[in-house]
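User: I would like a close look at a single part here: how the chain is divided into domains, and what surrounds that division. Please keep the sentences short.

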2 protein chains.
Amino acid sequence: MPRKSRVVGELGERRVIEVLRKRFDVFSGSPVPFGDDVAAVSIDGERVAVLKADMLVDRTDVPCGMSLWQGARKAVIMNVSDFAAKGVQPLAVLVSLGLPRMMTMGDVEDIGEGLNAGAREYGAYVVGGDTGEASDVIVAVSLYGTAVWSRLMLRSGAKAGDVVAVTGLFGKPSAGLRLLTENCTVPSDVREVLVDSVFMPKARLREGLSLAGSGAVTSSIDSSDGLAWSLHELGKMSRVGFVIDCLPLAAEAELFAKRCGVDGLELALYGGEEYELVVTVKPERWSDAEAAVQSVGGKLFRVGRVTGEKQIVQILDGKKQPIEARGWEHFKSKA
Amino acid sequence: MPRKSRVVGELGERRVIEVLRKRFDVFSGSPVPFGDDVAAVSIDGERVAVLKADMLVDRTDVPCGMSLWQGARKAVIMNVSDFAAKGVQPLAVLVSLGLPRMMTMGDVEDIGEGLNAGAREYGAYVVGGDTGEASDVIVAVSLYGTAVWSRLMLRSGAKAGDVVAVTGLFGKPSAGLRLLTENCTVPSDVREVLVDSVFMPKARLREGLSLAGSGAVTSSIDSSDGLAWSLHELGKMSRVGFVIDCLPLAAEAELFAKRCGVDGLELALYGGEEYELVVTVKPERWSDAEAAVQSVGGKLFRVGRVTGEKQIVQILDGKKQPIEARGWEHFKSKA
């Protein structure tokens with residue numbers, strides 16, 4: 001088939017972004033490379049404006065059972081999580097809303113309240129936007145904040161010997177999503193934790209700000225496309241590899257995996273819709289990074305180390321196994 | 001019917017925005033009131049970050065015959081026009097794209113090129129964004145730039161006695177839109193001008209920047225929802241009225257009106273999708289404002305004056321007639 005006639009559903013999101021990117025003139029003055037979690041523009045010698053846009057579409061991003069309030073809040077959280085990964089406080093939220101004609105005023109109120117809740121939870125305000133008619137519910141959020149350039153935690157910067165760490169235990173949202181769509185039961189308290197992780201995701205903003213302040217972090221990304229994908233992105237942008245020797249699976253996800261005959265590692269690595277931070281830390285500054293996260297009530301989990309080999313592997317039963325470059329989006333394209 | 005069950009299609013866009021706005025906590029630090037064409041956040045005592053988000057949906061914003069390239073470009077122009085009205089240079093463009101699964105790679109390339117063309121035409125760069133699956137083609141654009149706060153041309157600020165002026169002749173896009181959908185013919189050169197004004201809109205950025213630099217302008221807005229609506233918005237935010245005594249209808253729109261039995265004033269006042277600037281000017285600084293626009297190759301047309309009476313009227317055959325508070329969006333809701 002001629003290259004140009006291949007369709008988006010077949011190409012997948014990442015290829016689409018690649019195609020678009022080639023059409024854009026390069027903004028040479030940017031202090032952050034294209035393709036990192038956020039974009040940035042210099043304000044003066046020291047400070048940068050940090051910008052992010054990420055869109056929620058109900059058809060693909062709002063699982064059955066999630067309310068409009070939760071969907072609107074999640075659209076903000078998705079964006080805040082990227083600011084968290086860079087260590088930047090969001091200040092202002094803009095929202096372009098696409099709404100089907102038959103939505104009620106009550107629905108609109110719920111969306112407005114969800115947006116406001118998401119913004120205020122992280123110290124930002126909704127300052128403007130736009131609405132229009134669309135077939136789906138579209139919540140296109142953009143964020144603005146400022147940062148000291150030298151403190152931004154980029155995807156590039158990891159060095160062989162650094163410690164790889166994450167801000168939480170993995171697997172809950174992917175277990176929760178499967179609970180919502182597949183026929184499998186777990187105890188109600190476990191179900192609640194898992195489904196809550198899908199409907200009420202949290203961004204690790206305090207952890208990100210504190211880590212950026214510590215100066216101990218060499219690279220950072222969030223895990224919204226899955227831990228495996230995040231590691232591959234960090235690896236690519238930093239030109240390094242990783243050995244993961246301790247995969248932190250949440251107890252509830254582990255229980256779900258056992259009960260429902262699912263591979264726990266699959267949940268932890270390839271799930272996505274997960275908003276933990278994945279960072280690399282200078283080994284001699286590890287205790288500072290740990291203390292920084294603890295000082296804001298969080299916990300930093302050591303999961304592996306950075307290598308110079310450009311391979312991304314896990315140690316499983318004493319053997320090296322590759323971690324594949326796939327994540328949640330890819331899954332959906334294959335489905 | 002209970003208030004909450006009324007649907008969006010019935011309420012119209014402006015009511016929806018009002019409902020949303022009440023749900024948002026007020027960002028007290030904003031140097032620009034909510035509801036102006038752009039949002040702003042202080043950077044320091046003097047400078048502000050200027051932000052804007054506006055979304056294009058193919059179903060409602062892309063008339064039959066307009067290409068994807070043109071649609072993507074227009075999504076940028078819509079946003080640049082608001083920056084132009086405030087006198088702010090856009091620096092960075094972010095785009096969230098919603099794409100149907102069956103779009104081809106060729107389509108994606110066209111969209112990417114259209115976005116880049118729109119940005120580069122006005123000195124900005126596409127620096128980031130996001131893509132996802134949607135039923136419609138969604139181009140949600142957000143813009144960033146910086147400005148000196150005291151130079152921003154807001155919607156508020158018009159004073160009784162000020163001159164009302166516009167940057168161009170009106171009626172072409174609404175005549176062009178009707179040509180595309182209704183059964184009426186005009187000479188081919190006229191048709192080309194009218195249809196081109198729909199497919200290839202221009203933002204008055206140079207004029208806006210130059211007017212802001214002149215210091216002669218007391219208030220400003222663009223005419224994207226129609227001249228009538230713009231006057232009502234300026235009137236509301238500035239707490240003034242207007243007497244319009246010279247409505248500048250483009251010759252091509254006039255010819256279309258005559259040929260096709262349409263009211264030319266209707267085209268000029270209530271059309272929309274028009275990206276001229278509507279400004280008020282201190283009377284003693286009129287020649288400075290005129291010179292500022294001429295210095296960048298444009299022309300400023302005097303159309304009336306600001307009054308203290310809070311009525312918005314036009315002089316027609318020597319008689320005062322009210323200009324109604326309706327515009328393009330309202331039209332569509334009624335259709």
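Analyst: In this predicted model, the domain assignment splits chain A into domain 1 (3-151) and domain 2 (163-334). The C-alpha centres of domain 1 and domain 2 of chain A lie 22 Å apart. Contact between them involves 24 residues of domain 1 of chain A and 24 residues of domain 2 of chain A. On the domain 1 side, helix H4 (residues 68-86) of chain A gives the largest share, eleven residues. By class, that side of domain 1 of chain A has ten nonpolar, eight polar and six charged residues.

Take the sheet of five strands in chain A next. The sheet is open, and its strand order is S1-S2-S5-S3-S4 (chain A). The pairing is mixed. Strand S1 (39-42) and S4 of chain A are the edge strands, and each pairs on one side only. Direction ignored, neighbouring strands of this sheet are turned by 20° against each other on average.

At the S1 edge, S1(A) pairs with strand S2 (residues 47-57) of chain A. The sense is antiparallel, over four bridges. Helix H5 (residues 105-121) of chain A packs on the sheet. H5 of chain A touches strand S3 (92-99) and S4 of chain A. The direction of H5 makes about 150° with that of S4(A). Back at the S1 edge, S1(A) and S2(A) form a hairpin, with four residues between them. Two opposite pairs can be named. A:Ala39 stands opposite A:Leu51 in S2(A). A:Ser42 stands opposite A:Val48 in S2(A).

Now the sheet of seven strands, described in chain B. This sheet is also open, with the order S7-S9-S6-S10-S8-S11-S12 (chain B) and mixed pairing. Strand S7 (217-222) and strand S12 (319-322) of chain B each have a single partner strand, so one side of each is left without a neighbour in the sheet. From one strand to the next, the twist averages 30°.

Inside the order, strand S6 (residues 163-166) of chain B is joined to strand S10 (residues 301-307) of chain B by four bridges. S6 and S10 of chain B run antiparallel. B:Val166 is placed opposite B:Phe301 in S10(B). Helix H4 (residues 68-86) of chain B lies across S7 and strand S9 (277-281) of chain B. This helix H4 of chain B runs at about 170° to S7(B).

A helix pair in chain A comes next. Helix H8 (residues 205-214) and helix H12 (residues 286-294) of chain A pack at an angle of about 145°. The axes of H8 and H12 of chain A are 8 Å apart. The crossing of H8(A) past H12(A) is right-handed. From H8(A), the contact uses A:Glu207, A:Ser210, A:Leu211, A:Gly213 and A:Ser214. From H12(A), it uses A:Asp288, A:Ala289, A:Ala292 and A:Val293. By class, the contact of H8(A) with H12(A) has four nonpolar, three polar and two charged residues.

Last, the other chain. Chain A and chain B meet through 65 residues from chain A and 65 residues from chain B. Strand S4 (residues 125-133) of chain A supplies the largest share of the chain A side, nine residues. S4 of chain A is also an edge strand of the five-stranded sheet. By class, the side of chain A that touches chain B has 34 nonpolar, 16 polar and 15 charged residues.

How are the two chains related? A rotation of 180° with 0.0 Å of shift along its axis superposes chain A on chain B, at an RMSD of 0.0 Å. That is the relation of a two-fold axis. The same surface serves both copies, as 100% of the contact residues of chain A recur in chain B.

Terms used
Residues numbered from 1 in each chain as written. Chains lettered and ligands numbered in written order. Predicted model: local features only at pLDDT ≥ 70, side-chain atom pairs only at ≥ 80, totals over all residues. Least-squares fit on C-alpha atoms with pLDDT ≥ 70 in both. Contact = placed C-beta atoms within 7 Å. Axes fitted to C-alpha atoms, helices over the stretch in contact; angles between N-to-C directions. Helix = DSSP H or I, 4+ residues; strand = E, 2+ residues; numbered from the N terminus. Left-handed = near helix turned anticlockwise from the far one by under 90°. Nonpolar A, V, L, I, M, F, W, Y, C, P; charged D, E, K, R; others polar. Domains from an automatic or database assignment. Pairing = 2+ DSSP bridges.
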